[in-house]
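Subject: Handing over a structure

Dear colleague,

I am passing this structure on to you, with the sequence and the coordinates placed just below. After them I set out what was found, so that you can follow each point with the model open.

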Amino acid sequence: MDEQALYEARLELVDFLVEALHDVPDEAFVERLLSGDVRTPDGEVNEPLDRGFDALDTFVEEHQGYDVAEVRDALEREYTRLLVGPRPPVIAHETYYRADADYLGEGVAEVEASYGAAGWAAPEEYPEENDFVAIELAFLRYLIAEQRQGADEAVGFERVFLDEHALTWVDAFTDDLREETDSRFYVAVADIYAGTLQFEDELVAGLL
């Protein structure tokens, strides 16, 4: 895979995760998913990514011929139960999992400082606190896009962000997501998220 194709693949992965986790999936996303427009690699990448792609492919195959609105409604119910509540079984915030930070307390400022150091601010359309999983993924997307434009310092920012933030809670969060859902789609999302961060971790290590 050439350099530009690798950037495209990295951005597509993160875009998929942002769409899957920032809110209930909309009909346009579900339509693209069921039509096969969400691409998955042919070869092996790493264990969680491969497992997640297989589960996603199976989900799509199982729902061929289904009404898009029906699938979207089922995913909305599961997303709401899992991540919104009331009393959701999975809390998609970094500070919930960090032993050294109070949930939605001062640890959020540390996440925001990581964003600010790289010259990025969370989009206003995200209603959650800035340690929410989809906001951290949006920041990761920004860093990858900056690297694509030749901003070498973005590699260092990603290294720090992975080590101090994203990687500190991904395993516990994705374990909870897998354990609390019977939805093949959200099991796939958990594995793809874990595998994406593993891939980025290894890639950035090779760039520094």
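Before the first result, one term is needed: the radius of gyration is taken here over C-alpha atoms, and the globule rule against which it is compared is 2.2 Å times the number of residues to the power 0.38. Please also keep in mind throughout that this is a predicted model.

By that rule, a compact globule of 208 residues would have a radius of gyration near 17 Å, and because the protein has 17 Å, the two agree. Taken along the principal axes, the box that the C-alpha atoms fill is roughly 45 × 45 × 30 Å.

As for secondary structure, the protein has nine helices and zero strands, so you will meet α elements alone, in the order α-α-α-α-α-α-α-α-α, when you read from the N terminus on. Among the contacts with a separation of 6 or more, 69% are between residues 24 or more positions apart.

Turning to burial and surface, 47% of the 208 residues are buried, while the accessible surface comes to about 10,300 Å², with 45% of it belonging to carbon and sulfur atoms. The protein carries 14 positive and 52 negative charges, and the mean positions of these two groups are 3 Å apart.

The aromatic residues deserve a closer look, since a search of the whole structure finds 19 aromatic pairs. In one of them, Y115 and F139, the ring centres are 4.8 Å apart and the planes stand at 55 degrees, so the pair counts as tilted. This pair links distant parts of the chain, with Y115 in helix α6 (residues 106-117) and F139 in helix α7 (residues 133-148), 24 residues apart. Both Y115 and F139 are buried.

Another tilted pair is formed by W169 and F173, at 5.3 Å centre to centre and with 45 degrees between the planes. Here the partners belong to one helix, α8 (residues 153-180), and because they are four residues apart in it, W169 and F173 are separated by about one helical turn. Both W169 and F173 are buried as well.

Finally, you may wish to display F16, F29, F59, Y79, F185 and Y186 together, as these residues form one aromatic cluster.

With kind regards

Key:
Residues numbered from 1 in each chain as written. Predicted model: local features only at pLDDT ≥ 70, side-chain atom pairs only at ≥ 80, totals over all residues. Heavy atoms only, no water. Helix = DSSP H or I, 4+ residues; strand = E, 2+ residues; numbered from the N terminus. Buried < 20%, exposed > 50% of the residue type's maximum accessible area, 1.4 Å probe, protein only. Contact = heavy atoms within 4.5 Å. Areas by Shrake-Rupley, 256 points an atom, 1.4 Å probe, with all protein chains shown as cover. Lys, Arg positive; Asp, Glu negative; His and termini not counted. Charge placed at Lys NZ, Arg CZ, Asp CG, Glu CD. Phe/Tyr/Trp six-rings, centres within 6.5 Å; stacked < 30°, edge-to-face > 60°.
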